[in-house]
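Q: Could you show me how to read helix packing, strand pairing and burial in a structure, taking one feature at a time?

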Amino acid sequence: MRESKKARTVGGGIFILLFTVMMILSACNTSQKTTEAEKTAKNQDIKTVKHEMGETEIKHTPKKIVTLELSFVDSLNALGLEPIGISDDNKKEMITKLVGKEIDYTSVGTREQPNLEVISSLQPDLIIADAERHKGIYKDLQQIAPTIILKSRESTYQENLDSFKTIAKAVNQEEPAEKRLTEHEKTIKDLKEKLTVDTNMTVLPAVVRDTSFQAHTSSSYDGELLERMGLKNAIQQEQPHAEMNLEQLVEIDPDILLLANNEGKLLTDEWKDNPLWKNLKAVKNGHIYSVDRDLWTRYRGVVSAEAIAKDTLKMLDEK
């Protein structure tokens with residue numbers, strides 16, 4: 001009898017021991033699964049974004065964004081976002097015109113020489129910089145916050161759209177961006193179908209300053225956009241810009257001139273009394289148009305491209 005009780009006691013003890021071990025193992029397994037789940041969630045919250053200077057890891061969804069070129073402001077605007085810092089060349093009115101309203105942001109200086117101290121003081125969690133202007137300060141910017149370098153200043157129309165997609169990935173807005181691009185393509189297509197201009201006519205957008213006439217070729221941002229609308233650029237070449245004198249312009253003799261004039265005195269003012277100028281087809285046929293310098297040559301982007309296309313249609317008439 002005593003042995004039976006003793007056996008039951010020993011058996012009960014073994015059961016309790018086994019139950020305890022199972023509970024500990026179960027707890028460890030649960031803890032391990034929880035840790036792995038946390039790691040997975042953490043990894044999913046870190047994205048690697050490829051850009052012109054390599055790859056940048058971005059944690060979480062950036063909320064405090066600094067943009068060092070105007071087209072990046074356009075891109076964020078198309079996604080319904082506003083940067084906290086902008087290289088605005090100390091011209092806030094230029095940003096108001098770009099986004100269509102006043103927004104609350106801090107100027108971080110000029111696009112050519114952004115102020116690193118001001119950028120750092122904003123404690124951004126993402127900086128978007130230009131491939132041409134800001135390669136030299138990329139490492140400095142990376143010390144402040146995760147930075148992506150994209151094509152803007154010398155980008156083609158398609159490269160600009162590619163930059164938009166990269167920005168969308170960086171800010172976790174890829175699906176809205178795809179939807180916006182679909183709308184954009186439809187807008188450009190619809191505007192193209194309304195144009196009445198003879199497709200054999202050539203067009204030449206150009207920036208006019210006091211001492212220079214800079215033609216924008218088929219490889220420029222506005223040149224490629226106009227070709228997407230069915231217009232033929234008068235200069236077909238890989239270089240986006242071509243500095244020209246009056247004699248060279250006469251040799252090309254475009255049917256339509258779209259001039260983004262600088263402020264103040266212009267080189268074309270000197271040409272207007274010259275017989276060569278008066279003999280240009282665009283001059284004789286009244287096909288010279290002045291376009292907004294900011295919109296056509298500085299802004300760039302999804303929203304601005306649509307505004308340029310609408311501007312073109314308005315100038316050249318519609319069906």
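A: Let us begin with two helices that pack together, bearing in mind throughout that this is a predicted model. Because an angle that is neither roughly parallel, roughly antiparallel nor roughly perpendicular counts as oblique, α2 and α6 are described as oblique to each other. Helix α2 (residues 70-78) and helix α6 (residues 157-170) pack at an angle of about 60°, with their axes 10 Å apart, and the crossing of the two is right-handed.

Q: Which residues of α2 and α6 meet?

A: On the α2 side they are S71, F72, S75, L76 and A78, and these meet N160, F164 and I167 in α6. Sorted by class, the residues of this contact comprise 5 nonpolar, 3 polar and no charged. As a general idea for reading such lists, an α-helix has 3.6 residues a turn, so residues three or four places apart point the same way.

Q: At what angle do α6 and α7 pack?

A: The angle between α6 and helix α7 (residues 174-194) is about 155°, and their axes lie 8 Å apart. Since angles over 145 degrees count as roughly antiparallel, α6 and α7 are therefore roughly antiparallel to each other, and α6 passes α7 in a right-handed crossing. From α6 the contact draws on Y157, L161, F164, K165, A168 and K169, while α7 contributes E174, A177, E178, R180, L181, H184 and I188. The classes here are 7 nonpolar, 1 polar and 5 charged residues.

Q: How should I read a strand, and which residues of β1 lie on its covered face?

A: For a strand, it helps to take the faces and then the partner. Strand β1 (residues 46-51) has K47, V49 and H51 on its covered face, whereas I46, T48 and K50 make up the uncovered one. The partner is strand β2 (residues 54-59), which runs antiparallel to β1 and is joined to it by 6 bridges. Within this pairing K50 of β1 stands opposite E55 in β2, and the link from β1 to β2 is a hairpin through 2 residues.

Q: How many of the residues of helix α8 are buried?

A: Burial is read residue by residue, a residue being called buried when its relative accessible area is under 20%. In helix α8 (residues 221-228), 6 of the 8 residues are buried, so this helix is largely enclosed by the rest of the structure. The buried residues are Y221, D222, G223, E224, L225 and L226.

Q: What is the sign of phi at G230, which follows α8?

A: The phi of G230 is positive, near 95°.

Notes:
Residues numbered from 1 in each chain as written. Predicted model: local features only at pLDDT ≥ 70, side-chain atom pairs only at ≥ 80, totals over all residues. Heavy atoms only, no water. Axes fitted to C-alpha atoms, helices over the stretch in contact; angles between N-to-C directions. Helix = DSSP H or I, 4+ residues; strand = E, 2+ residues; numbered from the N terminus. Parallel < 35°, antiparallel > 145°, perpendicular 65-115°, else oblique. Left-handed = near helix turned anticlockwise from the far one by under 90°. Contact = heavy atoms within 4.5 Å. Nonpolar A, V, L, I, M, F, W, Y, C, P; charged D, E, K, R; others polar. Buried < 20%, exposed > 50% of the residue type's maximum accessible area, 1.4 Å probe, protein only. Pairing = 2+ DSSP bridges.
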